[in-house]
Amino acid sequence: MTALVVGASAGVGRALSEALAANRKPLLLAASDPEDLNALAAHLRLVYGATVVTVAADARDPEAFAERLSAVAAEIDDIDELYFPIGFSRRDDKAQLDADASLAILNSNLTVVAAVTARFLPSLLRQPKARIVGFGSIAALRGRKANVIYSAAKRGLESYFESLRHFAAGTGVVVQLYRLGYIETQQSFGQRLLFPVVTPEQVARHVLATEGRDFGVRFFPRFWQLIALAVVWLPWRIYKKLNF
Amino acid sequence: MQSRDGVPRAAHSFVSFDGGVRARGYLQQPDRYRFWRGRLDETPRISRGAGLSYAGASFLADGLSVSHRAFDRVLDFDSGRNVVEVETGITLSALHRFLSPRGLYLPVQPGHGRISVGGCIAADVHGKNQTRDGTFINQVEEVTLVHPAHGTLQLSPQRDAELFRLTCGGYGLTGHIVCARLRASAAPIPWVEIRAAPFASAEEGFNHLRGAARDADFSYTWHDMSTAGDGFGVGFLIQGSFVPQERAPGTTPGIAEAPVLSADGRARLPVPLLNRLSTRMLNSLYRWQQRSAHKGKVVALADALFPTHKAQAYFQLFGAAGFREYQAILPYAATASYVDAIRSYLRQKPLPITLSSAKTFAGSRELLRYTGDGISLALNMPAGADADMFMEFLDQRIIEFGGIPNIIKDSRLPRAVVDACYPDAGRFRETLRAFDPKRLFRSDLSERLKL
């Protein structure tokens, strides 16, 4: 059985791919850049002896992306785990992006996840045990003036995973969404952040350690749960004055 | 700060590992190949590996340091020829973890596993038996170099040999060294027997060292120079050789992750703990510890390659003020005079020499490569005005005796000393300027030495 990692080439996706390879899990890795994918695949094969197949495709075109993936997947072992550490944001995402730019963010964070899941869900439901893992963001807790479209996409992703979990209830498919706090990636690099960052490797270890647990949604790191409570319940008259 | 190449830049405070140079600049940490393929702007820049250089080789005040940290993968392995291709952000320790189970290792590597392969190429470092193995360039088959004006270049001893030799030992000034193909050597067994043989004077130690370099896989001396009185220069000849199969432990040693080492972590103690008294105690303790190795002790190959892993607290004892290292190759004929000069100086102006260690070197001098025939002697001491005065004294002795100082070990080394000691310094500058007239790749080290 093979694990599919969508958005595998950097950050959490790369760390997750490495952790899965270290666990001897055959991998189907997807990302936009063939050079990044080839480097990662070579490393995983040489260092871990992993079986790795790659697909380079553009997530901004979800239908074509899903089509390419399912064509390649048809040639290999059955998929029983889907991981979506995919995400795309822009620092100028401040409520003034045009339709194309907005759609690129929505497609890369949400639509492509739905499109790929739709392709693989029938076979996952036939498995005695399977897993679909999404990665949300604390940016989705409450709308704010930065990361406007990105936050909307991530909140949409939460709703999508809630529905998916409901749909898969009673089957062997476990649906999990990790709401990630600050992660040491390009998104957070060089920013002054209020709370500690964790490494992609820590995220990957946590995801693998919580396999099979039907918790629905979980914060990582867990302390974000308390911060989330404070953010959500903060009165509007105070919230609107925050510059973040 | 968002840059034209799409990868964020962050203001960053840099410090050399010895604590001697501090600078504010910008740090960028790309993690995708499109960065190298894309249009790099002409901001003065330099690559940064582990950031462990004693000199300020990976940063520049107001300049851009491009971290290779995310480019740390094994890309290819030719088991027939023992050639491995890696991204140059890979650490020596990670590479050793890959090579060791295949019965291979890199004979030329410095003493800490956190150092990156890129840093080793850029400084053309030496290992534990320079006489036999040469410097790091001897293991390099090919490098991939990225330069904004030249694009991506493949360099090897056969392909653009002059630029290859300028890059290996070029302190990162020819461009970003992104990938490298390295030739590994067979490690007959992952165990090494270490023997420490005592000697009564520095000169005796150097004589033993010359013989040991021919026979052993690893050889260096340790000297006690913490006092200029009786016992100055006494120490141990430390030799390591692969253990014969019949005497090897029946197990395979585990290879642990190299302990975290950084310039900031090294400087955590606000005050230095090494003074003349504690240095003498430290040296006595080390001599006592070596007793167990008189008859030989078997250690894992990784422990022999990276002895600093178990002694890195030593660097922290210097505290925030830092330390200085003076490493220089002296012609054999001059070693006795050099050691006498050191002893005379220390008699008049006592200074805690915390570490003194020597290796034999062989080879011809070329460009700014730290190589040549003779004895390479390294001296450590706490940073400060006394240390700087002592190092200026050593600068003059090195010029007088026809030696060369190690550029990558000294964040203070003046241009005049380099020009006096390295006959090819002018050629290095000319060749570099011919390749890169705008001199885009710059560092604190290159600015100081006007490279």
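Put chain A and chain B together and about 1900 Å² gets buried, with carbon and sulfur atoms giving 49% of that area (buried area is the accessible area, 1.4 Å probe, that two parts lose on being put together, summed over both). On the chain A side, A:Leu46, A:Gln186 and A:Phe189 lose the most area to chain B, together 34% of what that side buries.

A word on the model: it is predicted, so local features need pLDDT of at least 70 and side-chain atom pairs count only at pLDDT 80 or more, while totals for chains, interfaces and linings use all residues. Residues are numbered from 1 along each chain as its sequence is written, chains are lettered from A in the order in which they are written, and side-chain values use heavy atoms, with hydrogens and water left out.

Here are the counts between the two chains.

| Item between chain A and chain B | Value |
|---|---|
| Salt bridges (side-chain nitrogen of Lys or Arg within 4 Å of a carboxyl oxygen of Asp or Glu) | four salt bridges |
| Polar contacts (N or O atoms within 3.5 Å, one able to donate a hydrogen and the other to accept it; residues adjacent in sequence count only if both atoms are side-chain atoms) | nine residue pairs, both at pLDDT 80 or more |

A:Arg14 forms a salt bridge with B:Asp72, and the closest N and O atoms are 2.4 Å apart. Two elements give two or more residues to the side of chain A that touches chain B: helix H1 (11–22) and helix H2 (34–48) of chain A (helices are DSSP runs, H or I, of at least four residues). H2(A) gives the most, with eight residues.
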